Amino acid sequence: MERASLPPTVAYEAGAVRIVDQRELPHRLVVLELHTCDDVSRAIRDMAIRGAPAIGCAAALGLALAAKAACALPPAESAAAVRKAADLLKAARPTAVNLFWAVDRVLGAIGDRTGPEAANAAEAEAVAMLEEDVRVNHAIGRHGLSVLSPGCAVLTHCNAGALATVGYGTALGVVRAGYEAGVVRHVYADETRPRLQGMQLTAWELSLDGIPVTVIVDGAAAWLMRQRKIDVVIVGADRVASNGDAANKIGTYALAIVARKHNVPFYVAAPTSTIDMNLPSGDDIPIEERSEAEVTHIDRIRLAPEGVHAWNPAFDVTPAELITGLITECGVVAAKPAALAQLHRERSRQHRGRA
Ligand code: MRU
């Protein structure tokens with residue numbers, strides 16, 4: 001494919017949700033137009049759109065579409081339709097808390113309103129969330145500079161980049177800021193079996209920006225660290241529990257163990273919307289299991305022997321003790337209950353101040 005420039009991963013234009021279809025990358029840059037809440041929920045489930053912040057923003061817009069479609073209904077029916085749409089969106093994927101956070105935030109903006117007033121409030125909130133996401137990611141990038149050493153090589157897993165957010169990325173936001181500042185020298189991207197987000201998405205978006213990237217198979221990370229080729233590991237997260245345990249793409253936990261063994265710092269970059277203060281620990285995070293075919297097949301070709309089953313958890317949980325720190329839009333904090341409680345108190349105070 002020709003060198004392309006990356007449009008926003010999620011956008012709202014002329015009453016439609018526009019998403020970059022991640023199933024087509026890196027071969028084709030396809031932008032899908034979604035006109036209904038059902039379309040959005042299906043796109044999240046089928047991973048046309050993926051990555052915690054991106055699915056949160058898409059779901060917020062999906063709910064705005066539902067509120068608009070319910071505009072002409074009598075008030076009680078319009079409110080019921082919006083509630084039903086919110087439930088549908090929340091059922092699309094279970095692990096990323098941003099999805100639930102975003103839907104609840106739009107419901108909060110709607111409040112007791114119904115009809116066109118509800119639709120306008122939902123649309124305004126969802127659109128504001130898109131702009132906020134990019135701002136937050138730039139702040140994560142700026143704070144992340146403090147964990148980078150001059151000339152460092154970064155290892156990342158899955159895709160926590162522009163394609164997993166509205167733009168710029170979380171873990172890759174730190175990489176971008178570090179590259180712009182001249183401190184990141186090289187990025188290694190785990191290919192990330194089974195869906196290959198590292199090879200197909202991370203490697204693609206970094207090369208688009210001219211950032212040097214090398215893909216490795218997931219099993220090569222330990223050997224690479226053994227050779228002292230990695231200075232820091234930075235990954236994203238789908239949900240961080242209040243004790244600092246973090247759920248992210250399957251394979252992240254193994255990477256954290258390997259990083260500890262080789263004394264390589266291991267950071268999780270995530271917006272505060274990914275922290276779920278309602279969950280005491282990572283044991284309580286629901287882990288999505290996806291179809292066996294994602295493991296047994298590649299490009300619809302079966303590679304596993306007929307009759308053999310596969311187990312396909314989409315995420316795992318890295319215990320807080322293996323996490324050097326969390327890079328958030330408010331700064332780098334320890335993955336510890338007291339630090340997260342303090343961050344939560346400060347965030348709540350700021351929100352109350354703004355309301
Ligand atoms: O299954 P995916 O591709 O949605 O999983 C994505 C990840 O695990 C990302 O690392 C996470 O959502 C953070 S994105 C900024």
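Trainee: Which residues come nearest to the ligand?
Mentor: R50, R93, Q197, N248 and K249 do, out of 17 residues around the ligand. "Around" here means having a heavy atom within 4 Å of the ligand. Keep in mind that this is a predicted model, where local features need pLDDT of at least 70 and side-chain atom pairs count only at pLDDT 80 or more, while totals for chains, interfaces and linings use all residues. Residues are numbered from 1 along each chain as its sequence is written, and side-chain values use heavy atoms, with hydrogens and water left out.

Trainee: What's the mix of classes in that shell?
Mentor: Eight nonpolar, five polar and four charged residues. Charged is Asp, Glu, Lys and Arg; nonpolar is Ala, Val, Leu, Ile, Met, Phe, Trp, Tyr, Cys and Pro; the others, Gly among them, are polar.

Trainee: And which elements each supply at least two residues of the shell?
Mentor: Helix α2 (52–69) and strand β9 (246–249). Those are DSSP runs numbered from the N terminus: H or I over at least four residues for a helix, E over at least two for a strand.

Trainee: How far are the ligand's oxygen atoms from N248 and R93?
Mentor: An oxygen atom of the ligand is 2.6 Å from a side-chain N or O atom of N248. For the side chain of R93, the distance from a ligand oxygen to an N or O atom is 2.8 Å. There's a backbone case too: a polar backbone atom of A52 is 2.9 Å from a ligand oxygen. The cut-off for a polar contact is a pair of N or O atoms within 3.5 Å.

Trainee: How much of the ligand does the protein bury?
Mentor: 99% of the 420 Å² that the ligand exposes when taken alone, by the Shrake-Rupley method with a 1.4 Å probe.

Trainee: New topic. Which peptide bonds are cis?
Mentor: One runs from L25 to P26, with omega near 5°, and P26 lies in the loop between β2 (16–20) and β3 (31–34). Another joins R193 to P194, also with omega near 5°. P194 is in the loop between β5 (184–190) and α7 (197–208).

Trainee: What about phi at A14?
Mentor: Positive, about 45°, although A14 is not a glycine. A14 lies in the loop between β1 (10–13) and β2.

Trainee: Is A14 buried or exposed?
Mentor: A14 is exposed, at 87% relative accessible area; exposed means over 50%. D299 has a positive phi as well, near 50°, and sits in the loop between β12 (297–298) and β13 (301–302). D299 is exposed too, at 73%.

Definitions and conventions
Polar contact = N/O pair within 3.5 Å; in protein donor to acceptor, adjacent residues only side chain to side chain. Buried < 20%, exposed > 50% of the residue type's maximum accessible area, 1.4 Å probe, protein only.
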